[in-house]
Amino acid sequence: MLRAQDEPKKNPMKNQSRPRRKDTIPRFPKNALSKDMREYNNLILQCIPSGVMVINMDGLVTFCNASADSILGIDCTKEKDKSYLNILKGNSHVAQLIKNGVNGETYYRKQIQVKIDGSIKWIGITTSILYDDKATPIGVIAVFSDITDVKELEADIKLKERLAAVGELSAGVAHEIRNPLSAIAGYAELLKKGLSEDEIASAVDAIIKETKNLNRIVTNFLSFVKKPQPIFEETDVNTLIKEVISMVSLAKDADRIDFDIKALKTLPAVEADPFELRMAFLNIIQNAVQAMPNGGRLTVKSGIQYGRIFIEISDTGSGIPKEIGDRVFNPFFTTKEQGTGLGLAIVHKIIEAHDGKIEFKTRHGKGTTFIIRLPIRR
Ligand SMILES: Nc1ncnc2c1ncn2[C@@H]1O[C@H](COP(=O)(O)OP(=O)(O)O)[C@@H](O)[C@H]1O
Ligand SMILES: [Mg+2]
């Protein structure tokens, strides 16, 4: 026997879907229904945590939700003068983005800093054009949120990364300096013992050599840590390449290397610091020469692609082993007996200061190509 609770429940949906008698359907006039919808939409917009503001083509704020008020520290409904300039009077940055929107320029997740009630906030803002059903633009919609917390977190992480990098750097410097220092100490100890004149001379020579070494480490280190203050000027990259190649080709270890320059004759001058760029090319070309101890070919090619210039420096040397590929730009990373590991770190910094990009392609035993891309105008 079925007990009350086991009784099969009536399907409420079924009940609802049963056609109602015509006279029980509430009849709203057409515009009343749309008013209902409007209220519903309005409720949704008022309850979302993002700020939403709509401005018509005359620059009047036609809609502003509660979150917009609280994020921007304003009170839209109270303002009699609905012009966006009046409502956003303290937020000229936001006003500018809206003005640009009226002129057809929109933004996607643009991050801006604004001062609200005396404190600085970060706001992420997206603007879009509002069209009517005939695709005529009738206003601008701005959707924004307070991203101050995210920005603070980002800054926190950056600071931690920087501190970690400083730690790594100091450890590297200490390590680099310790070797020549202990060599100097060793030779000085030797000098205390009764040595022949020749022995004294060679110990002193060794000390001088190690001090030079120390000097080189310090110079390299300083050029790495000093904040680059590039002086930008119209720079002919092809000339820089030629200068660096003729300098490197004079060096002893460059005898067995064929140098080949494939410069694009019509390469435009770029806005760059020629001294810094020369240093970058020199470091890469020196590495290329060092990667070909038994000789090979070094090719430098310049050209233009996607509105940026590129410089390709290729060698037919050892290649960069896969397992160290992501570390070659790290300061103090070296696989060379006499290396400082600062060359590519310096190059990376220089190219970054030029808003450029650097990458490399490599094949074991076949060679390596470093590619630098630079904007023509910054
Ligand atoms: N063209 C290249 N071919 C092979 N290995 C390279 C090349 N360029 C850089 N490397 C690798 O990257 C490391 C870091 O280079 P770099 O920062 O210039 O320091 P260093 O030359 O003092 O070692 C080098 O020790 C080497 O292992
Ligand atoms: Mg180097």
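## An open sheet, three domains and a ligand shell

In this predicted model, five strands make an open sheet in the order β2-β1-β5-β4-β3, with antiparallel pairing. Because β2 (61-64) and β3 (110-116) stand at the edges with a single partner strand each, one side of each has no neighbour in the sheet. From one strand to the next, the twist averages 30 degrees. Strands pair here if DSSP finds at least two bridges between them; strands (E, at least two residues) and helices (H or I, at least four) are DSSP runs numbered from the N terminus.

Let's look inside the sheet. Six bridges join β1 (residues 51-56) to β5 (residues 137-146) in the antiparallel sense, and G51 sits opposite F144 in β5. Helix α5 (residues 92-102) lies across β1, β3, β4 (119-131) and β5, running at about 15 degrees to β4. Axes are lines fitted to C-alpha atoms, for helices over the stretch in contact, with angles from 0 to 180 degrees between N-to-C directions; contact means C-beta atoms, placed from the backbone, within 7 Å.

The domain bounds, from an automatic or database assignment, are these:

| Domain | Residues |
|---|---|
| domain 1 | 13-146 |
| domain 2 | 152-225 |
| domain 3 | 233-375 |

The C-alpha centres of domain 1 and domain 3 are 53 Å apart.

Now for the ligand: 21 residues surround ligand 1, the closest being N287, A291, T334, G339 and G343. Helical or strand elements giving two or more residues to this shell are α9 (274-290) and α10 (343-353). A residue counts as near if its C-beta atom, placed from the backbone, lies within 6 Å.

Residues are numbered from 1 along each chain as its sequence is written, while chains are lettered from A and ligands numbered from 1 in the order written. Local features need pLDDT of at least 70 and side-chain atom pairs 80 or more, whereas totals for chains, interfaces and linings use all residues.

How values were computed: Contact = placed C-beta atoms within 7 Å.
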